[in-house]
Amino acid sequence: MCGIVGYVGQRQAVEVVLDGLRRLEYRGYDSAGVALVAGGALGLAKKAGKLANLESALGDAVLPESTCGIGHTRWATHGVPSDRNAHPHPSADGRIALIHNGIIENFGQLRGELEADGVQFASETDTEVAAQLLGREYALDGDLTEAMTRACARLEGAFTLLAVAADDPDTVVGARRNSPLVVGVGEGEYFLASDVAAFIAYTTDAIELGQDQIVTIGRGGIAIRDFGGDPSEGRPYKVDWDITAAEKGGYDTFMRKEINEQPTAVADTLRGRIDESGQIVLDEVRMSDQDFRDIDKVFIIACGTSYHAGLVTKYAIEHWTRIPCEVELSSEFRYRDPVLDRSTLVISISQSGETMDTLMAVRHAKDQKARVLSISNTVGSTIPRESDAVLYTRAGIEVAVASTKAFLTQLAACYLVGLHLAQTRGIMYADEVKAVLDELVATPDKIATLLKDMEPVRELARESAAFGRVLFIGRHVGYPVALEGALKLKELAYIHAEGFAAGELKHGPISLIDDGTPVIAIVPSPRGRSLLHDKIVSNIQEVKARGAKVIAVCEDGDDITGVHADHVIATPASPTLLAPLLTAVPLQEFAAELATALGKDIDQPRNLAKSVTVE
Ligand code: M6R
């Protein structure tokens with residue numbers, strides 16, 4: 001949450017900082033601001049609303065000669081989105097300006113202390129406490145790095161801070177605890193940002209910072225220290241994607257682009273992880289076969305869409321390995337006192353690798369001595385770094401707030417983990433594993449086929465827009481897909497959408513159905529006349545009898561469902577457990593189109609941010 005950028009080099013800072021903010025706007029977009037330094041002056045501008053508002057209000061703040069500055073795009077926690085609560089926040093004497101991502105938990109106590117000292121606050125934010133504290137420390141010796149070190153010693157909570165000082169046009173100082181911050185290293189220029197997307201147009205050389213580190217970028221180079229003031233180091237790495245990945249590439253929105261990238265993203269996630277004999281090779285995860293054999297229980301922790309990927313995975317893991325598997329929302333996990341020990345495998349799923357709820361759950365699991373395997377899309381992010389093992393999805397950068405390709409690649413990675421567990425523990429024969437893998441490897445082509453014919457789905461979405469409410473039902477792995485379809489619609493279209501286990505309808509929710517209520521049913525394969533299929537066909541009839549308009553997402557050639565549903569969205573045939581890789585796709589398109597029909601911004605839905613770095 002919140003995007004932050006800092007720059008020192010030879011280029012015009014305002015251009016670099018605004019460019020970075022444009023690429024980070026998906027992290028928060030309720031207000032934005034910049035602070036630029038040149039000739040002993042600090043040019044500061046901030047504005048509520050999207051970045052475009054700031055750009056038209058820059059005025060004198062621009063300082064065209066400035067080659068050093070910071071910028072922020074906000075997702076509000078403390079204080080409404082407004083000009084005065086927007087970042088950067090200046091100190092009382094106006095000599096420094098500071099931006100922040102995270103929450104300063106002891107801000108109340110610190111604010112009281114500063115007010116008692118006569119400091120007058122100009123905003124309702126927790127961030128301003130850090131700015132005022134830093135300003136007070138800076139006034140002591142005029143050394144921004146020392147001042148930041150002393151200020152951080154007083155702060156509690158999660159924070160990434162960046163600061164500049166009016167009389168030091170060569171320096172940006174950053175600090176990191178529990179929130180992301182990476183360094184970009186160019187030719188005689190340096191960048192600080194929440195995410196490499198901010199500087200990928202200028203350099204692919206990056207340095208990952210560790211927990212509780214302070215970094216100073218200046219014309220002479222970079223210095224890293226820990227919160228105690230001792231010299232420290234980051235981990236240099238090369239970013240392996242380029243700027244085109246962070247652009248719309250001819251699509252009108254990032255979400256549409258990312259939906260269409262799914263065949264490639266899933267194929268990339270599988271690539272190199274299956275050997276010629278059809279065995280899974282997961283050497284990269286840093287867990288030995290013996291470690292996998294020692295496991296007697298699996299917990300999956302995640303939030304939002306990633307949680308839905310976890311729910312699907314439970315069915316696969318329990319079926320393939322016979323190991324009990326529980327799935328829990330990260331935000332609930334540690335408050336429930338779950339029973340964990342050394343033989344528990346905790347799988348955390350997080351696209352960003354930064355989600356604070358999941359990070360805290362991972363730390364709790366580690367405290368209880370469980371082994372933690374993370375599935376993440378962001379190399380070097382905090383959650384994988386703090387886990388015992390990691391399997392990266394290879395979706396590429398996902399910019400739209402609504403998760404699409406990340407979801408499908410998480411499923412692919414989770415299936416690999418489940419099969420690997422079954423393989424190493426000898427629960428499945430090699431030919432059985434290979435048969436599932438063959439199906440998995442065939443899926444990207446099926447997704448591509450499905451995506452070729454989305455117009456009927458869009459038409460149904462436009463027709464459903466007028467109703468203002470959509471229900472989703474499913475059974476087995478279709479149930480988490482129903483939850484995911486409803487989440488997509490809620491977050492994009494701001495209408496009531498809810499997913500139900502189809503069998504549960506009659507226990508209450510069926511009373512929501514009245515004339516014309518759109519109900520989307522996720523129907524499992526009819527092959528072999530499965531019990532599951534018959535049951536959901538009955539559920540379809542139950543809702544139809546009460547006036548629902550049923551749209552069935554079912555396997556191509558499922559004539560039985562075709563007879564009962566009002567509309568059919570056909571998906572290519574697939575084994576039941578792998579079907580979510582296909583059935584989720586039309587629901588993404590449905591939500592995107594319905595929200596577009598209602599005039600919503602599908603890349604940046606209201607109140608949301610891509611990386612949720614607060615609890
Ligand atoms: O980065 P993560 O996978 O940890 O994010 C978890 C959720 O915040 C995320 O999936 C969210 O639910 C999406 N916006 C849903 O589309």
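**Entry 1. Polar contacts of the ligand.** I looked first at glutamate 491 in this predicted model: an N or O atom in its side chain is 2.4 Å from an oxygen atom of the ligand. I then turned to serine 352, where a polar side-chain atom lies 2.7 Å from an oxygen atom of the ligand. For serine 403 I noted a backbone N or O atom, 2.9 Å from an oxygen atom of the ligand. I next looked up how much of the ligand the protein covers: on its own the ligand has 410 Å² of accessible area, and 90% of this is covered by the protein.

**Entry 2. The shell around the ligand.** I asked which residues come nearest to the ligand. Out of 15 residues around the ligand, these are Ser306, Ser350, Gln351, Thr355 and Glu491. Glu491 is thus listed here as well as in the contact with a ligand oxygen recorded above. I sorted the shell by class and obtained eight polar, five nonpolar and two charged residues.

**Entry 3. Where the shell comes from.** I checked the helices and found that helix 9 (304–321) and helix 16 (478–493) each provide at least two residues of the shell. I also checked the domains: domain 2 (254–451) and domain 3 (455–597) each contribute at least three shell residues. As to the pocket, I recorded that the ligand takes the space of the second largest one.

**Entry 4. Domain layout.** I consulted the domain assignment of the protein chain, which gives domain 1 (3–244), domain 2 (254–451) and domain 3 (455–597). I looked up how far apart the centres of domain 1 and domain 3 are, and the value over C-alpha atoms is 46 Å.

**Entry 5. Backbone geometry at two histidines.** I examined the peptide bond between histidine 87 and proline 88, which is cis, with omega about 5°. I placed proline 88 in the loop that runs between strand 4 (68–74) and strand 5 (89–90). I then turned to histidine 476, whose phi is near 55°, a positive value in a residue other than glycine. I located histidine 476 in the loop between strand 20 (469–474) and helix 16. Helix 16 is also one of the helices that I had noted as a source of shell residues around the ligand.

Methods: Residues numbered from 1 in each chain as written. Predicted model: local features only at pLDDT ≥ 70, side-chain atom pairs only at ≥ 80, totals over all residues. Heavy atoms only, no water. Near = heavy atom within 4 Å. Polar contact = N/O pair within 3.5 Å; in protein donor to acceptor, adjacent residues only side chain to side chain. Areas by Shrake-Rupley, 256 points an atom, 1.4 Å probe, with all protein chains shown as cover. 1 Å grid on protein atoms, 1.4 Å probe; cavity = no way out; pocket = protein on both sides within 12 Å on 5 of 7 lines; lining within 4 Å. Sits in = over half its atoms within 2 Å of the grid points. Helix = DSSP H or I, 4+ residues; strand = E, 2+ residues; numbered from the N terminus. Nonpolar A, V, L, I, M, F, W, Y, C, P; charged D, E, K, R; others polar. Domains from an automatic or database assignment.
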